[in-house]
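Dear colleague,

I am handing over the structure we spoke about, and it is shown just below. Please look through it first, and then read the notes that come after it.

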Amino acid sequence: MASDQTMSGTFYGLGVGPGDPELITLKAWRIISQAPVIAYPAANGNDSLARRIAAPFIPEDVTELAIPVPMRVEREPAQEAYDEAAETIARHLDEGRDVAFLCEGDPLFYGSFAYLLARLAKDYPTHVVPGVTSITACAAAISRPLAARNDILKVLPGTLDASRLKAEIAQADAIAIMKVGQHFDKIRGVLNELGLGDRAMIIEKATRDDEKITPLADVPEGERPYFSTILVYKGGEAW
Ligand SMILES: C[S@@+](CC[C@H](N)C(=O)[O-])C[C@H]1O[C@@H](n2cnc3c(N)ncnc32)[C@H](O)[C@@H]1O
């Protein structure tokens with residue numbers, strides 16, 4: 001912990017958007033260009049997507065911290081990994097260096113940044129820069145409103161069991177289902193039971209070079225990429 005908070009560095013949580021580097025905000029770009037330490041999640045030693053998105057803007061002479069945090073939300077957050085990550089970041093903050101933590105999409109929208117925020121914000125000056133979220137990027141990819149007029153939009157994790165998913169979807173006008181991955185067949189089964197299969201699109205890797213958009217009915221059975229989102233709209237083209 002910093003003994004004198006005025007001397008410590010600032011902890012930044014930066015949204016870098018869903019994939020296209022041009023969707024990084026000017027504010028995140030400025031902080032990335034100035035921070036002496038750039039940190040990012042790197043699950044199990046894998047390449048970091050957040051780093052890849054921001055790569056064109058990361059100066060060569062910065063200290064980089066690849067933080068080994070668990071990314072798959074199906075698993076219980078590994079608290080020990082986040083404790084260690086927070087300690088690593090705190091060492092730099094204690095020595096007066098700002099640390100910019102890169103987050104795919106928005107930092108506070110289903111992001112692992114929340115676990116670091118909970119550990120560091122009480123002791124260090126902290127600033128969060130919002131990012132373009134995956135669900136807004138997916139709506140843009142299919143050129144369709146996420147919700148319009150007085151619609152109720154629900155954002156659901158695909159990890160929910162089928163009965164809960166069904167009950168939640170039944171109560172909404174528009175639905176974004178995240179964390180589709182290995183849950184695809186279950187989700188499609190629920191949507192078909194509700195007669196919504198033909199109103200759903202799956203958007204994989206939105207805004208990236210390998211973005212893929214497919215009506216749900218045209219997708220073969222089986223797992224989809226982790227970075228997939230299903231958008232459902234129950235109404236007509238009311239807007
Ligand atoms: C842990 S959440 C992170 C969300 C992120 N913080 C945001 O603001 O969108 C990961 C889920 O977001 C969705 N996602 C993230 N990026 C995506 C993309 N480029 N295209 C489609 N879905 C994406 C997927 O549903 C994925 O399983």
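What follows is an account of what was found, going from the whole chain to single residues.

Please keep in mind while reading that this is a predicted model. The protein is built from 7 helices and 10 strands, and its C-alpha trace spans about 60 × 35 × 35 Å along the principal axes. A compact globule of 239 residues would have a radius of gyration near 18 Å, and because the protein has 19 Å, the value agrees with that expectation. Among the contacts with a separation of 6 or more, 73% are accounted for by residues 24 or more positions apart. Of the 239 residues, 47% count as buried, while the protein exposes about 11700 Å², of which carbon and sulfur atoms supply 49%. As for charge, there are 24 positive and 34 negative charges, and the mean positions of the two sets are 5 Å apart.

Helix α5 is a good place to begin with the elements. This helix covers residues 134-141, and Ser-134, Ile-135, Ala-137, Cys-138 and Ala-139 are buried in it. Against which strands do the buried residues of α5 pack? They pack against β6 (153-157), β7 (174-178), β8 (200-204) and β10 (228-233). Just after α5 comes Ser-143, which takes a positive phi of about 50 degrees.

That backbone angle leads to two further residues. In general, most residues other than glycine have a negative phi. Tyr-110, however, has a phi near 50 degrees, a positive value in a residue other than glycine, and Lys-179, although it is not a glycine either, has a positive phi of about 55 degrees. Tyr-110 is found in the loop between β4 (99-103) and α4 (113-120), whereas Lys-179 is found in the loop between β7 and α7 (184-193). Is Lys-179 buried or exposed? Its relative accessible area is 14%, which is under 20%, and Lys-179 is therefore buried. Tyr-110, with a relative accessible area of 40%, is partly exposed.

The aromatic rings form another group, and the structure holds 5 aromatic pairs. One of them joins Tyr-226 and Phe-227, whose rings meet edge-to-face, with 5.0 Å from centre to centre and 80 degrees between the planes. Tyr-226 has a relative accessible area of 21% and is partly exposed, and Phe-227, at 28% relative accessibility, also counts as partly exposed. Elsewhere in the sequence, Phe-11, Phe-101 and Phe-113 are linked by ring pairs into a cluster.

Three more residues may help you to find your way around the model. Arg-51 sits in helix α2, which is made up of residues 49-54, and with a relative accessible area of 26% Arg-51 is partly exposed. Leaving aside residues up to four places away in sequence, Arg-51 touches Tyr-40, Ile-58, Glu-64 and Leu-102. The C-alpha atoms of Arg-51 and Ile-38 are separated by 8.9 Å, the two residues being 13 residues apart along the chain.

Glu-80 lies in helix α3, which runs over residues 79-94. At 62% relative accessibility Glu-80 is over the 50% cut-off, so this residue counts as exposed. Between the C-alpha atoms of Glu-80 and Val-69 there is a separation of 9.4 Å, with their positions 11 residues apart along the chain given as the distance in sequence.

Pro-36, finally, lies in the loop between α1 (26-34) and β2 (37-41), and its relative accessible area of 32% makes it partly exposed. Which residues does Pro-36 touch, not counting residues up to four places away in sequence? They are Val-62, Thr-63, Arg-97 and Asp-98. Pro-36 and Pro-225, by contrast, are 189 residues apart in sequence, and their C-alpha atoms are 34 Å apart in space.

With kind regards

Terms used: Residues numbered from 1 in each chain as written. Predicted model: local features only at pLDDT ≥ 70, side-chain atom pairs only at ≥ 80, totals over all residues. Heavy atoms only, no water. Helix = DSSP H or I, 4+ residues; strand = E, 2+ residues; numbered from the N terminus. Rg over C-alpha atoms; globule rule 2.2 N^0.38 Å. Buried < 20%, exposed > 50% of the residue type's maximum accessible area, 1.4 Å probe, protein only. Contact = heavy atoms within 4.5 Å. Areas by Shrake-Rupley, 256 points an atom, 1.4 Å probe, with all protein chains shown as cover. Lys, Arg positive; Asp, Glu negative; His and termini not counted. Charge placed at Lys NZ, Arg CZ, Asp CG, Glu CD. Phe/Tyr/Trp six-rings, centres within 6.5 Å; stacked < 30°, edge-to-face > 60°.
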